[in-house]
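Visitor: Let's go through the ring contacts, then the internal space. Can you put the model up?
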Amino acid sequence: MYKEELVRFGYSEKDLCKIRESLCISTYREDTIYGCAIDNFKFFLDLGYDSKDIIRMSVKFPKILVYNHDYVLKKISFFEGIGYNRNDVLSMVRKTPQILSLRYSNIENKINNLVELGYDKKDIKKMTILLPTIFSYGIDNIKNKIQEIMKFGYSFDEVIIITSRCPALFGLNISNLESKLDNIVKLGYSRKDVFKMWRLFPVFIVLDYDNIKKKIDDLEKLGYNRNDVLKITRKYSIIFSLSIDSIKNKIEYLESLGYERNDVLKLSISCPQIYGF
């Protein structure tokens with residue numbers, strides 16, 4: 001009965017098997033698991049999650065299906081008490097439901113440790129919303145990652161700024177970063193160019209190489225030559241985060257104002273920021 005209702009909620013047999021066999025809840029009887037799961041599924045719906053969110057979260061971290069409701073609400077209230085709003089907390093739990101299992105003291109200590117490293121509390125809030133798993137990272141591992149990134153020529157303060165804007169760097173394998181750097185250089189950039197672009201737009205560091213190459217190819221199809229594209233992306237690395245459709249639309253809009261295509265291209269080479277307006 002319970003199992004059939006969970007299937008109606010959207011769980012697959014594979015999902016239910018993983019949940020049932022999870023080490024996190026191996027001490028519970030199957031009927032108890034499914035009964036609690038139905039109750040908690042409805043509880044998380046009331047909190048504002050949709051069915052897909054809850055299924056994804058519970059398959060990733062099955063223990064949320066047997067958590068006491070008061071326990072979850074108190075953990076949410078705790079985060080709100082240290083500066084997060086309700087939507088921030090729900091977003092963090094959506095990404096990393098394991099944060100519900102963290103002790104209050106561990107969360108507070110991690111924030112204090114990051115402040116001692118040089119991060120501002122506002123930055124820590126933004127970082128943890130983007131990457132909640134930071135709360136589970138050992139502070140020594142974070143320090144080691146900072147030292148590894150500094151080997152690329154950045155100062156300590158620069159690494160603090162870069163990682164505050166792109167905390168995903170803490171989960172990046174540095175050897176993979178070296179490989180990505182080599183590939184990007186093959187596209188026509190110098191290592192100095194890449195380091196500057198990473199500094200100006202840290203998210204560029206974690207962008208997939210194939211996506212970077214495709215964006216360059218797409219810009220060339222709009223009428224730019226390779227040197228033009230390199231100039232534009234050196235000046236305005238954020239362009240890698242813009243969709244090619246939005247860039248096309250901006251070009252077409254300027255053409256509708258009376259500019260010739262070549263004039264738009266020349267203007268954007270000298271001032272690529274027009275694509276962000």
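Guide: Phe-204 and Phe-240 are both buried (under 20% relative accessible area with a 1.4 Å probe, protein chains only). This is a predicted model: local features need pLDDT of at least 70, side-chain atom pairs count only at pLDDT 80 or more, and totals for chains, interfaces and linings use all residues. Residues are numbered from 1 along each chain as its sequence is written, and side-chain values use heavy atoms, with hydrogens and water left out.

Visitor: How many aromatic pairs does the structure hold?
Guide: 13, counting rings of Phe, Tyr and Trp (its six-membered ring) with centres within 6.5 Å.

Visitor: And how are Phe-204 and Phe-240 arranged?
Guide: They are stacked (planes under 30 degrees apart), at 4.9 Å centre to centre and 20° between the planes. Phe-204 lies in the loop between helix H12 (191–200) and helix H13 (209–221), and Phe-240 in the loop between H14 (226–235) and H15 (244–256), so the pair ties together parts 36 residues apart in sequence. Helices here are DSSP runs (H or I, at least four residues), numbered from the N terminus.

Visitor: Which residues do ring pairs link into a cluster?
Guide: Phe-78, Phe-79, Tyr-84, Tyr-104 and Phe-135. Both Phe-79 and Tyr-84 are buried.

Visitor: What lies over the face of Tyr-104?
Guide: Lys-75, at 5.2 Å from the ring centre; the criterion is NZ within 6 Å of the centre and within 35 degrees of the ring normal.

Visitor: New topic: what lines the largest cavity?
Guide: Its lining includes Ile-149, Phe-152, Trp-198 and Ile-205. By class there are eight nonpolar, no polar and no charged residues.

Key. Rings of Phe, Tyr and Trp (its six-membered ring) pair if their centres lie within 6.5 Å; planes under 30 degrees apart count as stacked, over 60 as edge-to-face and the rest as tilted. Buried means under 20% relative accessible area, exposed over 50%, partly exposed in between (1.4 Å probe, protein chains only). Helices (H or I, at least four residues) and strands (E, at least two) are DSSP runs, numbered from the N terminus. On a 1 Å grid over the protein atoms alone, a cavity is a set of points where a 1.4 Å probe fits but cannot get out, and a pocket is an open set with protein on both sides within 12 Å along at least five of seven lines; lining residues have an atom within 4 Å of a point. Ala, Val, Leu, Ile, Met, Phe, Trp, Tyr, Cys and Pro count as nonpolar, Asp, Glu, Lys and Arg as charged, and the others, Gly among them, as polar.
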